[in-house]
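Thanks, everyone, for making the time this morning. Please have a look at the model on the screen before I start to walk through it.

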Amino acid sequence: MQAILPQTGGRLHLAAGTRRCPVSCSVAAVDLPGRTAPLAHLQHSSLLHGLGSVGDVNASHLPWLLRLAHVRARVSGGDSQEALQASSRGLSAWSAALARGLLPDDSTLLQLVAEGDDVATGCPPGSDPLQAMSWPEEPLRTMIIRAMAKLGVGRLCKKYPAVRDALLKSLLETVVKYHKMLAGIEEEAEEREKDLNGNYFKTAAELKAEEEAKRAANRGTQTGDKHQAPTNYQSPAEVAAARLQASVKAAMAAGATAEKATAFGLVKELYATWQGPVETLGRAGRAFEGLEALLGGDSFDLQGAIWKRAGWSQLDELRRKLEELKELRDLVRSLGRGGGWGPLRRAPVQFLDLAARPGLLRTVLEAQETRGLTRSDDISRLLPAEAALLARGRVVRQAKLLFYAKMAEKALQTYERDGWGEYPTQIEPERREIRPTADRGPILLCVDTSGSMRGARETVAKALALECMRAAREQERGCFVFAFSGPAEVREIELNMDAASVNNLLEFLEKMFNGGSDFNEPVKRCLDRLTDAKWANSDILLVSDGELRQPAPAIMRKLAGAKEALGLRVHGLVVGSPEKKRADPAVLRALCTNYLPSGKVEQLVHTFESWASVQAEAAFALDWDDVAGNSRRRLANLAHEKERMEESRRKKRESKASQSRTGVLPAPKKF
C-alpha cells in the first residue's frame with residue numbers, strides 16, 4: 001500500500017499493512033502529491049546549490065571562514081554569504097596550488113584554469129576566473145606569497161597534506177586579524193580560569209617570574225635598595241601582540257599606508273611562526289622516510305615542542321656524516337637473524353663462504369623453476385629443436401655428429417631450471433638481487449655512555465643509533481637502545497617511527513655522555529627481552545671504547561645459554577681514537593664469541609677506522625685524545641703532587657725540630 005503523510009504534528013505514519021523501512025530511507029520513500037522528484041533528491045540538490053564552494057572546504061577551516069565572513073560583512077556592510085563563498089573559493093585555490101607544490105600567484109591560477117580544475121570551473125558564470133580566485137586582498141596576498149616562497153613551504157605541503165591543512169588554518173587566522181585590525185575591532189581576551197577559592201591559575205612562566213622578582217627584592221633589601229619596581233609578566237599572546245603593534249607602527253613611520261603596514265606586520269609574524277617548523281621538517285625529511293607518522297596522523301601541531309628540540313641540528317649533522325660512514329651502514333645491515341626462506345624481495349647478494357652461517361644460494365641442483373633458456377649438456381632439459389636433431393641422427397649421420405659435438409661443447413639449447421639451496425654464505429651489502437628473504441630480526445643496541453666515550457666516540461655512537469633507527473624503519477624491523485653508564489644507570493629507548501620514538505632519539509642525541517661503565521645490567525636486560533616473541537630473533541650490538549669490566553659469571557652463563565638455544569649473535573664495535581688505540585677489548589671479544597652449528601667459532605668484533613670522515617668538518621672537532629694535552633695535564637698533576645709531598649716533608653721536619661727543642665710529643669690526632 002502507498003504510504004501517506006497526514007498532518008499529525010510533523011510525525012510520519014504508515015498505512016496499515018505498509019512495510020516499515022529504516023529511518024534513514026523512510027523520508028526518501030515518501031512521494032508527496034504534486035511533486036515529480038523525490039524529496040531527498042531535491043533536498044540534496046538544494047544543499048549542494050546552497051553550499052557552493054564551501055562544501056569543498058576542510059571542516060577544521062569552517063569556523064575561521066565563518067568568522068572571516070562575519071567580519072567582512074560587518075566592515076563592508078555586504079552580504080555575509082557572498083563573503084563566505086568568495087573566501088571559500090580563494091582558500092580552495094590555495095589548497096589546489098599547494099597540493100601541486102606551488103603558490104597561488106597569477107601564473108599558477110592560470111595553470112589551474114588551463115587544466116580545468118574544479119576550483120576554476122566553480123567560479124561564478126561571467127566572472128574572470130583569475131580575479132575570482134585571487135585571495136586574500138592586496139597587498140596582503142602578495143606579501144604572503146613572497147614570504148611563503150622564501151620559506152619554500154610549497155614542497156612540504158605537496159609531500160605532507162597535514163602541513164598543508166595547518167598552513168591554510170594559519171593563513172585564515174592571519175586574514176581575520178588583518179580585517180579586524182583595519183576595522184579597529186579589538187581581539188577578545190580569553191578569561192583565565194579560577195580555582196574554588198577564586199584565585200587565578202598561573203602558568204609556569206608566571207610562577208618563575210614571580211620567584212625571580214622575590215629574589216631580586218630580597219637582594220635589594222640586603223643591599224639597601226628598597227625601591228626596585230616589581231617585574232610585570234606578560235603572557236606569550238601579549239608579547240606577540242606588542243611585537244605586532246611595534247612592527248605596524250615602524251612601517252607607518254616609514255611612510256607605508258595602514259593597509260601595507262598591517263599586512264607587513266602580520267606576514268612578519270606568520271613567517272616567524274613557520275620558519276622554525278619548516279626548517280625542522282626539512283631536516284627530518286632528509287633524515288627519515290615516512291615522516292607522516294611524526295605529524296600526528298591527520299593533524300600537524302605547529303606549536304609542538306618536538307619541532308623546537310635542539311637535537312634536530314645535531315641530527316642533521318649526523319645524517320651528513322652517515323653518508324660517508326659506509327662502515328657503520330654495512331654493520332647495521334648485517335644485524336638481525338633471518339635472511340633464509342621467505343618471500344621474494346630485493347635483498348643483498350650472498351656468496352659461498354664455508355666458514356659463515358647458513359644462507360641461500362642459487363644452484364642447478366635444486367630444479368625448482370624454469371627461468372629461461374641457456375646452453376648446456378643436460379639432455380633432460382633439451383629444447384624440442386635439439387631433440388629433433390638427435391632423432392634425425394638415426395637416419396642422417398651428420399646430424400648425429402653435430403648433436404654430440406654440441407653436447408661436448410655444452411652448447412645444446414636447453415631450458416634453464418634451478419632453485420635455491422641452503423649453503424654457508426656471506427652477505428655482500430653493495431650488490432642487490434631479487435631473492436627469497438626472510439624478515440630479519442630486530443636490533444638490540446647497547447651504547448656505552450660513560451665519560452670515556454666523550455668527544456668523537458660519542459659522535460660515532462650517536463650516528464650508529466640514528467642509522468639503526470633508519471634501517472629498522474626501512475626494513476620494518478624493531479630497534480631498542482640500552483644507553484648504559486654506571487651501575488643501575490641504564491636508559492631504555494624504543495626507536496619506532498612515531499613521534500614518541502623520534503622524541504626519545506632527540507633526547508638521546510642531546511645527552512652528554514658521563515659516568516662509569518657497568519655491563520651487567522644492559523646485558524641482563526637484553527637477555528630478558530629475548531624472552532619476548534617479538535624480540536626473540538634479535539641480534540645484540542655492543543658499542544664501547546673497550547674500557548669495560550667482565551660481566552658477572554651468572555650473566556656470562558645466561559648469555560652462553562641464549563647463544564646455544566636461540567642462535568643469538570653478539571656483535572661488538574670498538575670505538576677507539578684517531579691517534580691511539582684504547583685498552584685491549586678482551587671483554588668485548590669474550591662477549592662477541594659465537595659458536596656456529598658447524599662447530600666453527602666466529603668473533604664479531606669490529607673496530608671503527610673511518611676517523612677521517614668524522615674529522616672532516618670543524619663542527620665535529622670535539623674532544624679528541626690529544627696526546628700533547630694529556631701530557632700537559634699529566635705533568636701538571638705530577639708537579640702538584642710533588643709540591644704536596646714537599647709540603648708534607650717540611651711539616652714533618654718542623655714537628656721533629658719542635659719536639660727536640662721542647663721534649664714534648666705532639667698531641668695525637670682525633671679521628
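I will talk about a sheet and the helices that lie across it, and then about one helix elsewhere in the chain.

Please keep in mind throughout that what we are looking at is a predicted model.

Let me begin with the sheet, which is open and is formed by 6 strands in the order β6-β5-β4-β7-β8-β11, with mixed pairing. Its edge strands, each of which pairs on one side only, are β6, at residues 490–494, and β11, at residues 605–607. From one strand to the next, the twist averages 20°. As a general reminder, the strands of a sheet pair through backbone hydrogen bonds, and they do this in either a parallel or an antiparallel way. Here, β4 (residues 443–448) and β7 (residues 539–544) pair in the parallel sense, over 5 bridges, and if you look for Leu444, you will find that its bridge partner in β7 is Ile540.

Which helices lie across these strands? One of them is α18, residues 456–474, which lies across β4, β5, β7 and β8 and runs at about 170° to β4. Another is α20, residues 520–529, which lies across β4, β5, β6 and β7, running at about 160° to β5.

Now please turn to α3, a helix of 15 residues at 62–76, which reaches 21 Å from its first C-alpha to its last, close to the 21 Å expected. Its buried residues are Trp64, Leu65, Leu68, Ala69, Val71 and Ala73, and what covers them includes α4 (80–99) and α10 (161–183). After α3 comes Gly77, whose phi is positive, near 80°.

Key
Residues numbered from 1 in each chain as written. Predicted model: local features only at pLDDT ≥ 70, side-chain atom pairs only at ≥ 80, totals over all residues. Heavy atoms only, no water. Pairing = 2+ DSSP bridges. Helix = DSSP H or I, 4+ residues; strand = E, 2+ residues; numbered from the N terminus. Axes fitted to C-alpha atoms, helices over the stretch in contact; angles between N-to-C directions. Contact = heavy atoms within 4.5 Å. Expected span 1.5 Å × (residues − 1). Buried < 20%, exposed > 50% of the residue type's maximum accessible area, 1.4 Å probe, protein only.
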